[in-house]
Protein chains: 2
Amino acid sequence: MSDGWRVGGGLNGGYQLSLLGNAMRAALPKHPDPVAVSAYYISPAEAGPVTAAVRPLRVGGRTATVAADLKQDDEIRLSVLATYGDLDSFPADDVRTTAEPIAMPPREECVPNTLAPDEVKQMAPFTQRFEMLFHPDEIGWAVGKPSGRGQITAWFRLADDREPDPLSLLMAVDALPPVTFDLGLMGWAPTVELSAHVRAKPAPGWLRLRHRTRNIAGGMFEEDCEVWDSTDRLVAQSRQLALLPR
Amino acid sequence: MSDGWRVGGGLNGGYQLSLLGNAMRAALPKHPDPVAVSAYYISPAEAGPVTAAVRPLRVGGRTATVAADLKQDDEIRLSVLATYGDLDSFPADDVRTTAEPIAMPPREECVPNTLAPDEVKQMAPFTQRFEMLFHPDEIGWAVGKPSGRGQITAWFRLADDREPDPLSLLMAVDALPPVTFDLGLMGWAPTVELSAHVRAKPAPGWLRLRHRTRNIAGGMFEEDCEVWDSTDRLVAQSRQLALLPR
């Protein structure tokens, strides 16, 4: 694992998940795509060698389910249950989605992550692995004026112009800053659990990501993410439970 | 496991989950309550003896994380990752929930599950383990007139008047009929994955449950559940990915 995906003292959780996702994919030749993935973060990961252990639980026709662990020095960093399938083989003519596509201003009116101060880029080199153009109404937290609504939305694409694929969505759902920034809580928000559903292969082009929270209580909050592709298809949904910054 | 929790050819998934949840609780003396639970359904369960295998991954101060399997005849029925904690020890004064409590008509204006035809009660004895009073605007599917909105809401309490507790919420989030009934799709909708967050101990009294779906595509749909208690506290949230009825 590379230090280039670090955020503060640890490696980004979505990065770890997509890496383990690739190992699960390698273990399932007929089921190449993540469909449902649930990740529990056990201990902080560091840059360096890593081992993936994948154990099939059920390999069927349409889907296969596995248990998998990401380990360093025999310590579990991340434990996962996941169902994989071949998204190309799923029915394509039954879309009845009522969710509304994320509405974003044109990209030239949004606030790019490249404007982040140098100390942020050094503290979190992860943020330079992609272009992220924030909705101008939801970036006030960067200058001490959070909206208080609990929502952060952005355009997103990988920095090396690689097109999005199902595995990269496992990283994308954890790429935005914690939605608690928009509530004025600027600290680190460790993930307890993150479950993601990949519902279609993303079309080439920019993605739109949105984080929202509606239930803050007991020192924790839920963070819902939607990922829409360039054809207005809802390609991934995720929910995580995270600890409120102290 | 008892036949009294059967729905058609299988035992209810939430019932299995709360049963395994009780075994996880027994393995974690200092962390009695489910906080985040992710369940992957591997094979159909039957009434009869069952074994729970629980493997701790990390036991910390605030939370503990385990992997667990429910097995019959050495076959895995249900594989789970879960984080447990002591809900009473979590901060109680930081509730900033913006989600709106489920609005329901008075119970006497709702449609009770006891009105179900005898053949439904025999096919699904599960439905007689609780009182469920449906919102009158969202029960049209029972008489061939689904609303088409993708939402089912109900009052809920256990049939034996036992008050709700955190473990029972793992069953409650899977107790409503599939939300696809409200879209006119009346068949069985097998769960691929269900993740639930228990955010507070429910107060005594009736619960309100709501199922919603917003993304139907590729032969699958997501089903979000909220559980509100008698004090207007959002005590549990869940999301499942399920297969559309054929």
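Helices (H or I, at least four residues) and strands (E, at least two) are DSSP runs, numbered from the N terminus. This is a predicted model, in which local features need pLDDT of at least 70 and side-chain atom pairs count only at pLDDT 80 or more, while totals for chains, interfaces and linings use all residues. Residues are numbered from 1 along each chain as its sequence is written, chains are lettered from A and ligands numbered from 1 in the order in which they are written, and side-chain values use heavy atoms, with hydrogens and water left out.

**Exercise 1. Describe the largest cavity and find the element that gives the most to its lining.**

Step 1. A cavity is a set of points on a 1 Å grid over the protein atoms alone where a 1.4 Å probe fits but cannot get out, and its lining residues have an atom within 4 Å of a point. The search of the whole structure finds 4 cavities of 30 Å³ or more, and the largest has a volume of about 50 Å³, a volume being the space filled by probe spheres set on the points, which are joined across faces, edges and corners.

Step 2. Among the residues lining the largest cavity are B:Phe156, B:Arg157, B:Leu158, B:Ser168 and B:Met171. Two elements of chain B, strand S9 (151-158) and helix H3 (166-172), give two or more residues each to this lining, and S9(B) gives the most, with 3 residues.

**Exercise 2. Work out how chain A is laid on chain B.**

Step 1. The copies are superposed by least squares on the C-alpha atoms of residues with pLDDT of at least 70 in both. Chain A then lies on chain B with an RMSD of 0.0 Å, after a turn of 180 degrees and a shift of 0.0 Å along the axis.

Step 2. The two copies are therefore related as by a two-fold rotation axis. In chain A, the C-alpha nearest this axis belongs to A:Ser38, at 3.3 Å from it.

**Exercise 3. Decide whether A:His31 is buried or exposed, and describe its surroundings.**

Step 1. A:His31 is placed in the loop between helix H1 (13-27) and strand S3 (33-41) of chain A. Buried means under 20% relative accessible area, exposed over 50%, and partly exposed in between (1.4 Å probe, protein chains only); A:His31 has 3% and is buried.

Step 2. Leaving aside neighbours within four places in sequence, A:His31 is in contact (heavy atoms within 4.5 Å) with residues including A:Val59, A:Arg62, A:Tyr84 and A:Asp86. The C-alpha atoms of A:His31 and A:Tyr84 are separated by 5.5 Å, although these residues are 53 residues apart along the chain.

Note on methods: On a 1 Å grid over the protein atoms alone, a cavity is a set of points where a 1.4 Å probe fits but cannot get out, and a pocket is an open set with protein on both sides within 12 Å along at least five of seven lines; lining residues have an atom within 4 Å of a point.
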